[in-house]
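Visitor: Would you walk me through this one? I have my questions ready.

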Amino acid sequence: MRPDAGAAMSETEGDGADGAPGNCLNCGAALAGRFCQQCGQRAHVHRTLGAFWHDLLHGVLHFEGRTWRTLPLLAWRPGELTRRYIAGERAKFVSPMALFLFSVFLMFAVFSWVGGPLGPVAPSGPSAEEAAASRAQAEQRLRALEGERVARLGRREDVRVIDAQIAAIRGTLEEVRLAEGRTDDGLKLSFGARETGIAWLDRAIHKAEENPSLLIYKLQSNAYKFSWLLIPISVPFLWLLFFWKRRYGAYDHVVFVTYSLSFLTLMLVLLALLQPLFRIGGEAILALFVLQPVHMYRQLRGAYALRWFGALWRTILLLLFAFVALGLFTLVLLALGLLG
């Protein structure tokens, strides 16, 4: 018999539904220790605010202690972490998918706060309001000069100076017109004037050119929601490096890819956090091109028990495959952004 609501709110250890001590408050089973042998719930139930905050910090930061065993291995001995998890040591480490989803959430939260690893992009052009005001002033000045030019022609005076001023203002108006077609961050999007002949695709492209900021928002949103697609996109490329080694199956490759992507995501988070502190820019790109290949090499060698040469040539190919996978992922995001 399951405990009632009143019994579930009790703070005494082991008060069950029938009031007899030694029963689990969750399922009513008899207790033989600190945890229920049937459902795993603790025998002692807390009802304090301090316990609530402890549970919050425990859930976010502690991961039941597994995080602090997983992250050092992920950073320095990723191959050992991958092999041990595949071999069955699951309770000691954060699962690859849980770590990946958490790192992706953390990355987008940090990026929205401090920008990417290279910092927020400074606006490279005027805002829409500034562009509209500049255009109005330039058009007013242009009309005045054109009227002055007509008057001077009537008086048979030289108009070369006015013609030069009119040409300059028309050039300014063209710049303003281009600025008004940009987003707030200075980006102007154009797929070209050509038609594809596919009605729905042409409409999608036209909408993207009219409102590029909406397309960029969709790309960012979809990159977060569909980041997991990087895993199935990447696994076939890794399989190509080991398809003749039958002792390594698809599960091995999935674990490898997921831990590798988790490391890359967490490294991007770290670089983004360091950027405002140390004003790093190009150093972030250099770190990516140095640390990620080294990490891939170490993970390949440890996870698949490879010699140095076997790990080296696979690392080179895997880096090339990573760019291909990223390109395919970007095409998927672009298609979702255009058609969404």
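Guide: Happily, and let me begin with a term: buried means under 20% relative accessible area, exposed over 50%, and partly exposed in between (1.4 Å probe, protein chains only). This is a predicted model, where local features need pLDDT of at least 70, side-chain atom pairs count only at pLDDT 80 or more, and totals for chains, interfaces and linings use all residues. Residues are numbered from 1 along each chain as its sequence is written, and side-chain values use heavy atoms, with hydrogens and water left out.

Visitor: How many helices and strands does the protein chain have?

Guide: Both are DSSP runs numbered from the N terminus, helices being H or I with at least four residues and strands E with at least two. From the N terminus on, the elements run α-α-α-α-α-α-α-α-α-α-α-α-α. The count is 13 helices and zero strands.

Visitor: What is the mean pLDDT of the protein chain?

Guide: pLDDT is the predictor's confidence in each residue, from 0 to 100. It stays under 50 over residues 1-20, and over residues 118-125 it is below 50. In the protein chain, 70% of residues reach 70 or more, and the mean is 77.

Visitor: Which elements give two or more residues to the largest nonpolar core?

Guide: A nonpolar core is a set of buried Ala, Val, Leu, Ile, Met, Phe, Trp, Tyr and Cys residues joined through side-chain atoms within 4.5 Å. The largest has 27 residues, and Leu238, Phe256 and Leu300 are among those with the most contacts inside it. The elements are helix H5 (96-114), helix H10 (230-240), helix H11 (250-278), helix H12 (282-303) and helix H13 (308-339).

Visitor: Which residues does Leu300 contact, leaving aside its neighbours within four places in sequence?

Guide: Contact means heavy atoms within 4.5 Å. With those neighbours set aside, the partners of Leu300 are Leu238, Phe242, Phe256, Ala305, Leu306, Ala311, Arg314, Thr315 and Leu318.

Visitor: How far apart are the end C-alpha atoms of H13?

Guide: The expected span of a helix is 1.5 Å times one less than its number of residues. Buried residues of H13 include Ala311, Leu318, Phe329 and Leu338. For its 32 residues the span should be 46 Å, and this agrees with the end C-alpha atoms, which are apart by 46 Å.

Visitor: What arc do the buried residues of H4 cover?

Guide: In helix H4 (residues 78-87), the buried ones are Pro78, Gly79, Leu81, Thr82, Tyr85 and Ile86. The arc is taken from the directions from the helix axis to the C-beta atoms. These residues lie on the same side of H4, because their arc around the axis is only 165°.
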